[in-house]
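Visitor: Please choose one small part of this model and look at it closely. Then go on from there, step by step, in plain words.

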Amino acid sequence: MAKIFAIESSCDETACAIINDKLEIESSVVTSQIDVHSRFGGVIPEVASRMHIEQISVMVKEGLNNQKVEDMDAIAYTIGPGLIGSLHIGAAAAKTLAFFYNKPLIGVHHLRGHIFVNELIEPLTYPLLALVVSGGHTELVYMRDEDSFEILGTTQDDAIGEAYDKVARILNLEYPGGPKIDKLSKLGKPHYQLPTPKVDGYNFSFSGLKNACLQLEQRLKRNGEELIGEDLAYAFQEVALHHLLDKTLKVMNDYEVKHVLIAGGVACNSRLRELMSENIKDAKLTLPPLKYCTDNATMIGVAAFKEFNRQRFVSLDASSMPSMPIDK
């Protein structure tokens, strides 16, 4: 039975896991930096890097879970995209293990990990459409098979998660803003009117929506009116998530799609999961458990087996790529 030891460090989670070729999780540990970054209202790259340095040795030890590196068949790590400093820490740890124990090294694309972790839920059926939504990404990825990645649409400005965080600041909500707005919106009512983003093709745009929220808040303040936070949260979330849904349905109308899945941190959003369940009727739909939506090393291990099975490894001098395209 082949085993892969995987490391994830692309942003503000340090994680390690052991996955075997039956896609069984033999170990998975994650430590988050959210409590630290929430004081700054967002992730500070330099702080994230330092905290990865502090945590990586402990997480490797815990992730091995009393197993030996000698028993692993490969070492996998996130090669990109992500914060360059954070990526370097995971890469250094993975390369050290691979060099010292003479193991093959696998560089995994972070977003491929978010997509392929859904195989732990059910087999993927192709052609497949993945809606990848997170703090740094908003993409519609079309896959004719497991080795084919075509970005049909992407954000022209802010990622959906970034927009959530910026609107959360308007509402004086702590970072990360996504869960806070999702919760607050459940108390809101249809009250404020916000513009629907206008963008060509399958692409997305959230900057105008974010600015509309800010302008609304400033206008109410000038007029001496009180902003109803839950109503703004409701209005923003409905427009933003229907924007995602509309573009997804547009692709399904234009392409053959047998399977739709959502991936990334914003896949935790309860309203997005509700909208997808209500509207995706002509294809299989996979909504991953919340523990697989946020960054983890399990997803890196699952995606690494795609490379392992094809004997596609990287060298010890492979460079981390903070802006790595998914089709590279």
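Guide: Leucine 23 is partly exposed, with a relative accessible area of 25%; buried means under 20%, exposed over 50%, and partly exposed in between (1.4 Å probe, protein chains only). The model is predicted, with residues numbered from 1 along each chain as its sequence is written, and side-chain values use heavy atoms, with hydrogens and water left out. Local features need pLDDT of at least 70 and side-chain atom pairs count only at pLDDT 80 or more, while totals for chains, interfaces and linings use all residues.

Leucine 23 sits in the loop between strand S2 (13-20) and strand S3 (25-32). Helices (H or I, at least four residues) and strands (E, at least two) are DSSP runs, numbered from the N terminus. The phi of leucine 23 is near 60°, which is positive although the residue is not glycine. Most residues other than glycine have a negative phi, and most peptide bonds are trans. Asparagine 102 also has a positive phi, near 55°. Its place is the loop between H3 and S5, and at 69% relative accessibility asparagine 102 is exposed.

After that loop comes strand S5 (residues 105-109), where five of five residues are buried. Leu105, Gly107 and His109 are buried on one side of S5, and Ile106 and Val108 on the other. In a regular strand the side chains alternate between the two faces of the sheet. S5 pairs with strand S4 (residues 74-80) in the parallel sense over five bridges; two strands pair if DSSP finds at least two bridges between them. In this pairing, threonine 78 stands opposite valine 108. At the end of S4, glycine 80 is joined to proline 81 by a cis peptide bond, with omega about -10°. Proline 81 belongs to the loop between S4 and helix H3 (84-101).

Another cis peptide bond runs from tyrosine 126 to proline 127, with omega near 0°. Proline 127 lies in the loop between helix H4 (110-116) and S6, and S6 leads to the next sheet. This open sheet has five strands in the order S8-S7-S6-S9-S10, with mixed pairing. Its edge strands, S8 (150-154) and S10 (284-286), each pair on one side only. Within the sheet, S6 (residues 128-133) and S7 (residues 138-143) pair in the antiparallel sense over six bridges. Leucine 129 stands opposite tyrosine 142 in S7. Helix H8 (residues 229-254) packs on this sheet and touches S6, S7, S8 and strand S9 (259-263), where contact means heavy atoms within 4.5 Å.

H8 also matters to the count of the largest nonpolar core, which has 46 residues; Leu194, Phe236 and Leu244 have the most contacts inside it. A nonpolar core is a set of buried Ala, Val, Leu, Ile, Met, Phe, Trp, Tyr and Cys residues joined through side-chain atoms within 4.5 Å. The largest share of this core, eleven residues, comes from H8. Leaving aside neighbours within four places in sequence, the contacts of leucine 244 include Leu131, Val133, Ile160 and Leu272.

Key:
Axes fitted to C-alpha atoms, helices over the stretch in contact; angles between N-to-C directions.
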